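Here is a short briefing for a first look. Start with the sequence and the structure, then read the points by topic.

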Amino acid sequence: MRVAILGATQGMGRAIARLLAERGDQVFVLGIEPEELARTSADLQAHSPSHMPVGAALCDLADPSTFAAALDAAEADLGDVECVVVTAAIFATQDTLEEDLDRTELLLRLNFTNTVVFCEHVRRRLLQRGGGTLCVFSSVAGDRGRKPVVLYGAAKAGLSHYLEGLDHRHHEDGLRVITVKPGFVKTGMTAGLKPPPFAGEPVAVAASVVRAIDRGTPVVYAPGIWRLVMLVICALPRFIMRKVGF
Amino acid sequence: MAGLGDQGQTIAGWGNIGVPGHEVLSERLERASADAVLSRGLGRSYGDSALPPPSSREVLGTRLADRILSFDPASGRLRAEAGLSLHELNRLLLRRGYFTPVTPGTQFVTLGGMVAADVHGKNHHVAGCFGSDHTRMVRLRVADGRILEVTRESHPDLFYATCGGMGLTGHILEVELDLKRIPSPWIYAESRRIADIDEFLAALAEYERFPYVVGWIDCLSRGRKMGRGILDGGRWATAAEAGAKPLPKVPSPSVPLMFPNWVLNDLTAKAFNTLYYWKHLAKEKKGLRHPDSFFYPLDMIRHWNRIYGRKGFTQYQCVIPEDSGRDGVVRFLEALTAMGGASFLCVIKSCGPESKGTLSFPRRGTTIALDIPARSGTQALVDALNRVLLDEGGRIYLAKDTFTRAEDFRRMDPRLEQFQAVRDVWDPERKLRSAQSVRLFGDPE
């Protein structure tokens, strides 16, 4: 498989890229910092059984004008892009966001608007080649409005909604849309936060995401237990949600 | 999700004796190390080497910074971020014919940790230590904030103080070394059941024909049976011996929860040791062994440290110098068995010459390592063992230690002065410190 990954330099994107490289898939990495991209390319090359060099291009989620060129570069390097994975996003706690409107605006714009715009670029390209897979990281935070993730969750809810619509609209055209909803995963993004019960490890999450890509599973909770957790949370009446801290 | 802070968290070494504090993980060590007092890898040092000093309560966790930055299949030269684990390295490269020149008894360690503890392994008698004898370069963030590429040529004092320096000379960001080519991924091993300490010491010498040697002794048996055990020797199997057999994946069950403290007592320890001894029914065994079971038998049971319960345990590892000879080892074992520190595991091996690492643990002689459950008498037991050790002129291994007293350590390891002199140059204010350096080296809290 030939895969371009936006966000491969860090966290779950890194873990997914490694898993793919390790089993011989051709990977192309997209990210913001040239130095970080070079380090990740080298790492993926070492993970590849044939020691295949891994290409990279700059792509900044904050700057949609970089999207087309980045995807062009991926196509040029891989020959054909069959799958695009998007793990890039930013995170901030609700308390931080409430104090900082600029940051709130940035988070909403990157995690929703710009992510959707990036996906639209990908959608066109994949449909043009007769189909392919678009795998995007949303979050369990988007499943229900909750106290600790009011703003972050709102952006993710919008993203999940968009991805679901995309799946409905283009499944027949061969577009496989995979919405990943991670619960708490111990990565650099969540460093400094106390892990709740059921916190996942990036490697395990990556394995379930890659399995979903292979099978075309439309929605993946990772770790899987979060499907159950969210089912319960979504069923709780409003008066309880107002009381509890999660 | 909660915010930053301690939140009543504790952080512990492998011995599960915790202090208040927590670890902040980062994928970007260069950024995260700017204000940190100490880096911590996978937390496999037993004692307080990777624990924060009381006033700071926070260490930088490196295990997410684990990228391979370059690897040359032709020469085996590898450069990686300090948080890369040996487990991951072996998973990727053992099949492809590369192995670390020196491995400790667990693969759940990071490259940075291996340099910081200047780890040794079953091949110490021929290969020396991981840091001082095999590491080519460490990229180090020193206390004043600078980032240096440190080699034995560029900064000899700093390099050798860093190898075995327990992370106190700077934050190790990257490590470069040459991996060894191996003829097959299998080990050809011989093992022998040994009746007493004299036979053991003789066999240890005889087994030095193997590059990898380690012995296990039943340190609960006294008298005639004192020092009975099993000795393991091995080398990489040749391609012809190994055939085309691929390495199977070894299952690793986990100890799911802390055992109650009473589970480990003199009786169960004795039963375990007797069983382990007689499990090796044949006097001698030969054949191919999986490298995981040969190098990392304890890794097969994840979280095995939980069998010691909530109170935790310590490992006492010392080296008895060659000058003390057979009698020195016997005196130590006699003292140990007389004091009766119930130990599931007691490991013995011969060490080769001392490496250049300023505080590097091994020196020519016999090293003995044993696990001691933490109980009310543990401090007294360690003090007593240290008195015996001081008489023999031996020393302890910092990566294992929790209970040694500062004055005892100073007497055991006069090299400390030299180490502190290097720190005086690079970190006169002792910005970088650990719970252990406060306890043993007199660093400010």
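Accessible areas come from the Shrake-Rupley method with a 1.4 Å probe. By that method, the accessible surface of chain A comes to about 10,700 Å². Carbon and sulfur atoms hold 56% of that surface. The model is predicted. The points below cover chain A as a whole and then one helix of chain B.

**Chain A: overall build**
- Chain A has 9 helices and 7 strands.
- Along the principal axes, the C-alpha atoms of chain A fill a box of roughly 55 × 40 × 35 Å.
- The radius of gyration of chain A is 17 Å, which agrees with the value near 18 Å for a compact globule of 246 residues.

**Chain A: burial and contacts**
- Of the 246 residues in chain A, 52% count as buried.
- Among contacts in chain A with a separation of 6 or more, 70% join residues 24 or more positions apart.

**Chain B: helix α7**
- Helix α7 of chain B spans residues 197–206.
- Its buried residues are B:Ile197, B:Phe200, B:Leu201, B:Ala203 and B:Leu204.
- These buried residues lie on the same side of α7(B), because they cover an arc of only 165° around the axis.
- An α-helix has 3.6 residues a turn, so residues three or four places apart point the same way.

**Chain B: what surrounds α7**
- The buried residues of α7(B) pack against five strands and a helix of chain B, including β13 (187–194), β14 (212–217) and α11 (325–339).
- B:Asp196 caps the N-terminal end of α7(B).
- In that cap, a side-chain oxygen of B:Asp196 lies 3.1 Å from the backbone nitrogen of B:Asp198.

Key:
Residues numbered from 1 in each chain as written. Chains lettered and ligands numbered in written order. Predicted model: local features only at pLDDT ≥ 70, side-chain atom pairs only at ≥ 80, totals over all residues. Heavy atoms only, no water. Buried < 20%, exposed > 50% of the residue type's maximum accessible area, 1.4 Å probe, protein only. Helix = DSSP H or I, 4+ residues; strand = E, 2+ residues; numbered from the N terminus. Arc of directions from axis to C-beta. Contact = heavy atoms within 4.5 Å. Polar contact = N/O pair within 3.5 Å; in protein donor to acceptor, adjacent residues only side chain to side chain. Rg over C-alpha atoms; globule rule 2.2 N^0.38 Å.
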